[in-house]
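Hi everyone, and thanks for coming. I'd like to walk you through a structure that may be new to you, so let's put it up on the screen.

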There are 2 protein chains.
Amino acid sequence: MPALWAHLLGAYDEDSLATLERALDPAVRISHGPELPAQPAFDLLVAGRPSTEALASSPRLRTLLIPYAGLPERTRTLLRERPQIAVHNLHHNAGAAAELAAALLLCAAKFLVPLDRALRAGDWSPRYRPNPSLLLGGKRAVVLGYGAIGRRVAAFCCGLDMEVAAIRRRPAPAPATSSVSVHGPEALSDLLTDATAVVVALPLTEKTRGLLGETALACLPRESVVVNVGRGAVIDETALFTRLQDGRIRAAGLDVWYCYPKSEAQRTCTRPGTLPFEELENVVLSPHRGGALGMAEAERARMRALATSLNAAARGEEIPHRVDVAEGY
Amino acid sequence: MPALWAHLLGAYDEDSLATLERALDPAVRISHGPELPAQPAFDLLVAGRPSTEALASSPRLRTLLIPYAGLPERTRTLLRERPQIAVHNLHHNAGAAAELAAALLLCAAKFLVPLDRALRAGDWSPRYRPNPSLLLGGKRAVVLGYGAIGRRVAAFCCGLDMEVAAIRRRPAPAPATSSVSVHGPEALSDLLTDATAVVVALPLTEKTRGLLGETALACLPRESVVVNVGRGAVIDETALFTRLQDGRIRAAGLDVWYCYPKSEAQRTCTRPGTLPFEELENVVLSPHRGGALGMAEAERARMRALATSLNAAARGEEIPHRVDVAEGY
């Protein structure tokens with residue numbers, strides 16, 4: 001008899017299920033589909049935004065596994081009332097998210113989007129005009145959030161020969177081999193004062209919402225580039241927009257936003273902010289792809305990470321990446 | 001009496017001249033301007049494309065200093081007939097060129113240009129479609145040319161957690177601290193067979209022209225991205241174009257091209273290739289900005305590097321970055 005029944009809520013394609021099953025212990029039984037099973041007695045639910053009904057359906061439910069990083073606000077509200085259910089994340093996509101952060105940083109710092117647009121039209125004139133690009137080597141990078149993504153971002157900034165400072169809630173000494181200095185949140189303003197690159201890889205919590213507001217952004221030199229692959233609301237929208245618009249921040253690369261499509265019909269007609277970021281030449285706009293959604297290789301990594309967590313649960317071992325529902329991540 | 005008279009052929013702005021003069025030894029006398037001086041008796045000429053007249057004007061001329069990296073073909077022809085004139089380059093812009101290579105690599109691998117274009121129009125639909133992005137971490141990067149630029153590119157690729165192999169004319173063991181393997185040109189095909197990223201940072205010579213032709217490009221896996229910050233003609237245009245067009249190479253980021261504007265009037269209406277690269281969604285087009293032309297910070301670096309070379313010449317020391325006119329770089 002299986003030691004664990006896990007229900008995967010949602011649509012999973014055959015390739016994903018095959019990858020998952022190859023990596024699962026025999027002790028794990030899975031069911032899957034957009035509906036709940038007829039006689040729900042599962043121990044673990046895999047879902048990001050489960051309904052109240054889904055959470056209440058199985059008397060045996062003790063674990064919610066969100067198959068990505070983060071805790072949606074509504075899910076958090078529901079789970080606060082159900083302390084008997086432990087919440088876990090998957091961090092399979094940290095490599096993809098860090099690479100996207102690197103891409104946004106460099107693409108914004110070098111103004112590749114407007115250069116590409118001009119040259120596609122046969123226009124080489126930007127080559128002969130003053131060049132707004134930022135040189136990054138030898139300058140400071142500040143990485144906000146030093147988890148699975150932030151550590152990788154810090155490593156590639158070191159590869160660019162930048163001086164890297166990371167900020168995390170609980171500062172801890174960096175490994176002896178690392179040239180990254182790690183600081184607590186109180187160091188933020190000081191570090192921003194001579195930052196050329198700022199990369200946000202933070203979850204959204206009460207403490208991080210608006211963390212980069214008017215006061216913090218005012219610390220940044222004009223020759224700086226801001227990247228966000230965490231959550232939009234960590235950076236105050238108005239403060240960011242106005243500083244980009246009037247050149248007090250040179251450039252930005254943004255994968256996370258202030259407005260999202262609320263339905264399938266809205267997917268082709270939703271501005272990403274309440275302010276017109278789409279009119280700014282110095283912003284690279286990316287439609288929240290950090291999670292590597294739809295990337296076959298990343299989906300296989302997700303399924304292998306899911307199997308690792310389910311196998312741990314079936315063996316009674318600690319499931320990785322526990323989420324603190326009170327803290328919000 | 002100054003030990004060295006250097007004439008800077010061309011227009012130099014005040015800021016550049018001030019930077020230069022602050023760094024020059026008193027023993028160096030400079031003149032500058034688009035014309036030759038009235039009584040030319042300079043020892044050293046700073047110019048990229050000097051005329052026959054300019055090279056013949058001063059009987060004392062022993063050194064041509066090209067104020068960037070490379071040896072234009074016409075200059076090479078003229079200098080082959082004048083073996084008494086030594087040719088030197090400046091490599092002040094290697095950092096900027098390497099950062100541009102990194103930017104093109106990531107921007108192409110993550111398809112940022114079409115994503116930005118769609119989201120500017122409110123279109124999030126690429127988020128929900130299969131994602132063509134390449135993951136780079138853990139994969140192989142092949143860096144062609146392991147000079148001032150290639151070394152920096154290799155370091156950045158290591159920062160992305162790639163396995164890096166470099167190819168240079170004279171293979172030499174990499175420093176013990178480096179995780180880069182260095183190979184001779186004969187290893188090219190083997191290395192390309194499982195390369196996810198290929199970065200060209202080679203000068204154009206008889207040996208490098210068409211080095212990446214049909215045969216070499218056929219070795220590449222479909223899941224690969226090609227970057228060129230060296231010279232266009234190192235990669236065969238037709239072979240590259242057709243493979244990008246039919247998806248046998250996933251993406252490319254190109255800063256150097258097959259066709260350049262031949263006059264100021266052509267700067268706004270010159271297609272960069274004889275084939276329509278501007279119609280390909282999987283290419284990032286950049287108008288030869290690797291040299292950091294027009295970037296104030298890089299221009300100051302150029303002037304400081306120029307002063308270093310002129311000071312060395314005045315002291316009778318070895319001038320850096322000698323160019324082998326027979327080899328062409």
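**A short tour, from domains to chain contact**

Let's begin with how chain A is divided. The domain assignment splits chain A in two: domain 1 covers 4–92 + 295–323, and domain 2 covers 94–285. Please keep in mind that this is a predicted model.

How far apart are the centres of domain 1 of chain A and domain 2 of chain A? Taken over C-alpha atoms, the separation is 32 Å. Where these domains meet, four residues of domain 1 of chain A are in contact with four residues of domain 2 of chain A. On the domain 1 side of that contact, we find two nonpolar residues, two polar ones and no charged ones.

Now to the two chains together. The contact between them draws 54 residues from chain A and 54 residues from chain B. Which elements of chain A each supply at least two residues to its side? They are H4, helix H5 (112–120), helix H6 (148–159), strand S12 (283–285) and helix H10 (296–314). H4(A) gives the largest share, with eight residues. As for character, the chain A side that touches chain B has 30 nonpolar, 12 polar and 12 charged residues.

Since H4(A) came up, let's look at it with its partner. Two packed helices are described by the angle between their axes and the distance between the axes. Here, helix H4 (residues 94–109) of chain A packs against helix H4 (residues 94–109) of chain B at an angle of about 125°, and their axes are 8 Å apart. Angles over 145 degrees would count as roughly antiparallel and 65 to 115 as roughly perpendicular, so H4(A) and H4(B) are oblique to each other. The crossing of H4(A) and H4(B) is left-handed.

Who meets whom there? From H4(A) we have Glu99(A), Ala102(A), Ala103(A), Leu106(A) and Cys107(A), and they meet Glu99(B), Ala102(B), Ala103(B), Leu106(B) and Cys107(B) of H4(B). That contact is made of eight nonpolar residues and two charged ones, with no polar residues.

One last stop, in chain B. Gly147(B) sits in the loop between strand S6 (140–144) and helix H6 (148–159) of chain B. Is Gly147(B) buried or exposed? Being buried takes 20 or more other C-beta atoms within 10 Å, and being exposed takes 12 or fewer; Gly147(B) has 18, so it is partly exposed. Leu202(B) is 55 residues from Gly147(B) in sequence, yet their C-alpha atoms are 8.5 Å apart in space.

Notes:
Residues are numbered from 1 along each chain as its sequence is written. Chains are lettered from A and ligands numbered from 1 in the order in which they are written. This is a predicted model: local features need pLDDT of at least 70, side-chain atom pairs count only at pLDDT 80 or more; totals for chains, interfaces and linings use all residues. Domain bounds come from an automatic or database domain assignment. Two residues are in contact if their C-beta atoms, placed from the backbone, lie within 7 Å. Ala, Val, Leu, Ile, Met, Phe, Trp, Tyr, Cys and Pro count as nonpolar, Asp, Glu, Lys and Arg as charged, and the others, Gly among them, as polar. Helices (H or I, at least four residues) and strands (E, at least two) are DSSP runs, numbered from the N terminus. Axes are lines fitted to C-alpha atoms, for helices over the stretch in contact, and angles run from 0 to 180 degrees between N-to-C directions. Angles under 35 degrees count as roughly parallel, over 145 as roughly antiparallel, 65 to 115 as roughly perpendicular and the rest as oblique. A crossing is left-handed if the near helix is turned anticlockwise from the far one by less than a right angle, and right-handed if clockwise.
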